[in-house]
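Trainee: Could you pick one part of this model and go through it slowly with me? I'd like to know what pairs with what, and what sits around it.

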Amino acid sequence: MTILVDGTAYLLETNTERVVLGYYYRRKAIQERYDSLYGVDSGIKGRAMRKLKEREKRNDIKWKIANIIVRAARERQYAIVLERLGRNPANGMIKRIGDKQLRHRIYQASFRGIQRAIEEKAREYGVPIAYVNPKNTSRLCPIHNAPIVYNNSSRIGKCSAGGELWHRDVAAVWNLLLRAHQGDVGNAQSLVGLP
Ligand SMILES: [Zn+2]
């Protein structure tokens with residue numbers, strides 16, 4: 001998760017994949033243990049699963065991220081610009097994982113979940129949100145408007161005009177901000193008149 005605040009881009013290591021994988025396997029382990037001990041429909045299993053769910057929610061990384069972002073915006077009286085997610089926002093990430101159920105869970109838990117948490121917190125604090133089309137935002141240099149060339153699957157690329165290096169997420173957040181200022185903003189909110 002990358003955040004741009006006052007000219008500095010922060011790359012938050014969310015470990016969504018690891019968190020969600022951990023959740024999946026713990027859940028599965030509990031299910032199997034109780035199924036073999038007490039049978040498939042035991043109430044004891046239900047209680048253990050509910051407990052796990054509550055604990056997971058408390059430690060949920062997405063609420064931590066949402067708090068950081070919404071607080072930063074609120075303190076400065078800023079709006080939040082988010083990338084508008086397509087139909088399958090997590091496709092790139094989940095391609096590598098074979099298990100269908102697991103893929104579904106990761107898909108659900110990741111990007112949309114973080115955005116929803118941000119939306120909910122933002123509503124709570126009255127922070128406006130604008131959505132911007134993220135197409136090509138990591139491919140163009142925000143300074144030279146020229147293509148950034150990435151070698152292999154590197155996340156660091158080189159601007160084809162200026163030769164400077166860009167982390168793809170850093171280029172993306174700058175371009176999202178520029179687009180928001182240009183009025184390329186979807187949904188009901190507009191940034192016109194907002195700082
Ligand atoms: Zn450049």
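Mentor: Here is a close look at one sheet, with a little of the rest of the chain for context.

Keep in mind that this is a predicted model, where local features need pLDDT of at least 70 and side-chain atom pairs count only at pLDDT 80 or more, while totals for chains, interfaces and linings use all residues. Residues are numbered from 1 along each chain as its sequence is written, and side-chain values use heavy atoms, with hydrogens and water left out.

The chain has seven helices and eight strands. Those are DSSP runs numbered from the N terminus: helices are H or I with at least four residues, strands are E with at least two. Our sheet is an open one built from three strands, in the order β5-β6-β7, with antiparallel pairing. At its edges stand β5 (148–150) and β7 (165–167); each has a single partner strand, so one side of each has no neighbour in the sheet. On average, neighbouring strands here are turned by 40° against each other, ignoring direction. (Axes are lines fitted to C-alpha atoms, for helices over the stretch in contact, and angles between N-to-C directions run from 0 to 180 degrees.)

What holds strands together in general? Strands of a sheet pair through backbone hydrogen bonds, either parallel or antiparallel. For counting purposes, two strands pair if DSSP finds at least two bridges between them.

Now walk along the sheet. β5 and β6 pair in the antiparallel sense over three bridges, and valine 149 stands opposite lysine 158 in β6. On the other side, β6 (residues 156–159) pairs with β7, again antiparallel and over three bridges. There, lysine 158 faces leucine 165 in β7. That puts lysine 158 opposite valine 149 and also opposite leucine 165.

Helix α7 (residues 168–182) packs on this sheet and touches β5 and β7, where contact means heavy atoms within 4.5 Å. The direction of α7 makes about 85° with that of β7.

Next, the turns. β5 and β6 form a hairpin with five residues between them, and asparagine 152 sits in that loop. Asparagine 152 has a positive phi of about 55° although it is not a glycine. Is asparagine 152 buried or exposed? With a relative accessible area of 83%, asparagine 152 is exposed; buried means under 20%, exposed over 50%, and partly exposed in between, with a 1.4 Å probe and protein chains only. β6 and β7 also form a hairpin with five residues between them, and in this turn glycine 163 has a positive phi of about 80°.

Away from the sheet, aspartate 6 also has a positive phi, about 50°, without being a glycine. Aspartate 6 belongs to the loop between β1 (2–5) and β2 (8–11), and its relative accessible area of 51% makes it exposed.

For a contrast, try glutamine 115 in helix α6 (residues 111–125). Glutamine 115 counts as buried because its relative accessibility is 10%. Leaving out residues up to four places away in sequence, glutamine 115 touches Leu82, Glu83, Leu85 and Tyr131.

Finally, step back to the chain. Of its 195 residues, 35% count as buried. Among contacts with a separation of 6 or more, residues 24 or more positions apart account for 60%.
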